[in-house]
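Student: I would like a close look at one part of this model, the largest pocket. Which residues lie nearest its centre, and which elements give two or more residues to its lining?

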Amino acid sequence: MVVRKRVDFRIENMVHDWMDFAFPRSCVCCGDLLLRSEMEICWVCYSQLPFSVHGFGMNNPVAKSLWGRVPIWGGYYLLNYQSGTMTSSVLKSLKYDGGLIMANKLGKLMGEELYKQGFQQHCDGLIPVPMHPKKERKRGYNPALHLAEGIAEGLGVPVVNKALIKRNATVSQTRKNRLERWYQTQHQFDVVGEKLELKRIALVDDVFTTGATAERCLRSLYSVGVEQASVVSLAFTI
Ligand SMILES: [Zn+2]
């Protein structure tokens, strides 16, 4: 039995070595070749990622951005975001397959952090912010879903995909003033179905900027029975 395990282990190593040789992977930030033990980002770049110092809660900047706009129970994010920084490379990489594996792994890291803070006792399901169906068909996947699946793994809370759908707004934009048009973009988020069984949810997105998307999603979710909502994002624009 022990001998068989050793042989299996050697074969697995040989397969990995061959895969690294045939399909070399490179870091999504610096482009250097990756070691087998590294995920889609090398350890040097990983150590330089601008991790947030804020824990989950009402005073997290994500939640604070939504104060007075929509009821919010708490917020959390992993990386500070500014254009041209390492986080910017991470977000760009989400558009490619390798980045998806990373979204999943960074999601798991977020889930483990949230688990340490006991968030699993206050959340029944994770709802990824949807992409417009046309855009999702073209790209083939929704990065927010992969992030949510990673969080689910670390947190032990299920993902509820397709609870929301992104549509072009039906309301005429022409009568609104410029600020209103900027704030309320041409998209709206509708809930699929008339009622959502989950009472306590966390909305998951890859990047949080003005909070307009989160606000619209939460409004829709509150309208179908959600009682307590939080927002969890991979990155937050500082
Ligand atoms: Zn790197």
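**The largest pocket and its surroundings**

Tutor: The protein has nine helices and six strands; these are DSSP runs numbered from the N terminus, helices being H or I over at least four residues and strands E over at least two. This is a predicted model, in which local features need pLDDT of at least 70 and side-chain atom pairs count only at pLDDT 80 or more, while totals for chains, interfaces and linings use all residues. Residues are numbered from 1 along each chain as its sequence is written, and side-chain values use heavy atoms, with hydrogens and water left out.

Of the 238 residues in the protein, 45% are buried (under 20% relative accessible area; exposed is over 50%, partly exposed in between, with a 1.4 Å probe and protein chains only). Among contacts (heavy atoms within 4.5 Å) with a separation of 6 or more, 69% join residues 24 or more positions apart.

Now the pocket. Rolling a probe the size of a water molecule over the atoms shows where empty space is left. A pocket here is an open set of points on a 1 Å grid over the protein atoms alone, with protein on both sides within 12 Å along at least five of seven lines, and lining residues have an atom within 4 Å of a point. The largest pocket has a volume of about 870 Å³, the space filled by probe spheres set on its points, which are joined across faces, edges and corners. Its lining holds 33 residues, and K166, D205, D206, V207 and T213 lie nearest the centre. Two or more lining residues come from each of α4 (86–93), α6 (133–139), α7 (143–155), β4 (187–191), β5 (200–208) and α9 (212–222). β5 gives the largest share, five residues. By type, the lining divides into 15 nonpolar, 10 polar and eight charged residues; Ala, Val, Leu, Ile, Met, Phe, Trp, Tyr, Cys and Pro count as nonpolar, Asp, Glu, Lys and Arg as charged, and the others, Gly among them, as polar.

Three of these elements can be taken further. Strand β5 contains L203, which counts as buried at 1% relative accessibility. Beyond its neighbours within four places in sequence, L203 is in contact with I127, V129, L164, A214, C217, L218, L221, S230, V231 and V232. L126 is 77 residues from L203 in sequence, yet the two C-alpha atoms are 6.0 Å apart.

Among those contacts of L203 are A214, C217, L218 and L221, and these four are also among the buried residues of α9, together with A212, E215, R216 and S220. In total, eight of the 11 residues of α9 are buried, so the helix is mostly covered. An α-helix has 3.6 residues a turn, so residues three or four places apart point the same way. Helix α4 is likewise mostly covered, with six of its eight residues buried: M86, T87, S88, V90, L91 and S93.

One backbone detail concerns the loop between α7 and β3 (164–168), where K162 is placed. K162 has a positive phi, near 65°, although the residue is not glycine, and at 51% relative accessibility K162 counts as exposed.

Conventions: On a 1 Å grid over the protein atoms alone, a cavity is a set of points where a 1.4 Å probe fits but cannot get out, and a pocket is an open set with protein on both sides within 12 Å along at least five of seven lines; lining residues have an atom within 4 Å of a point.
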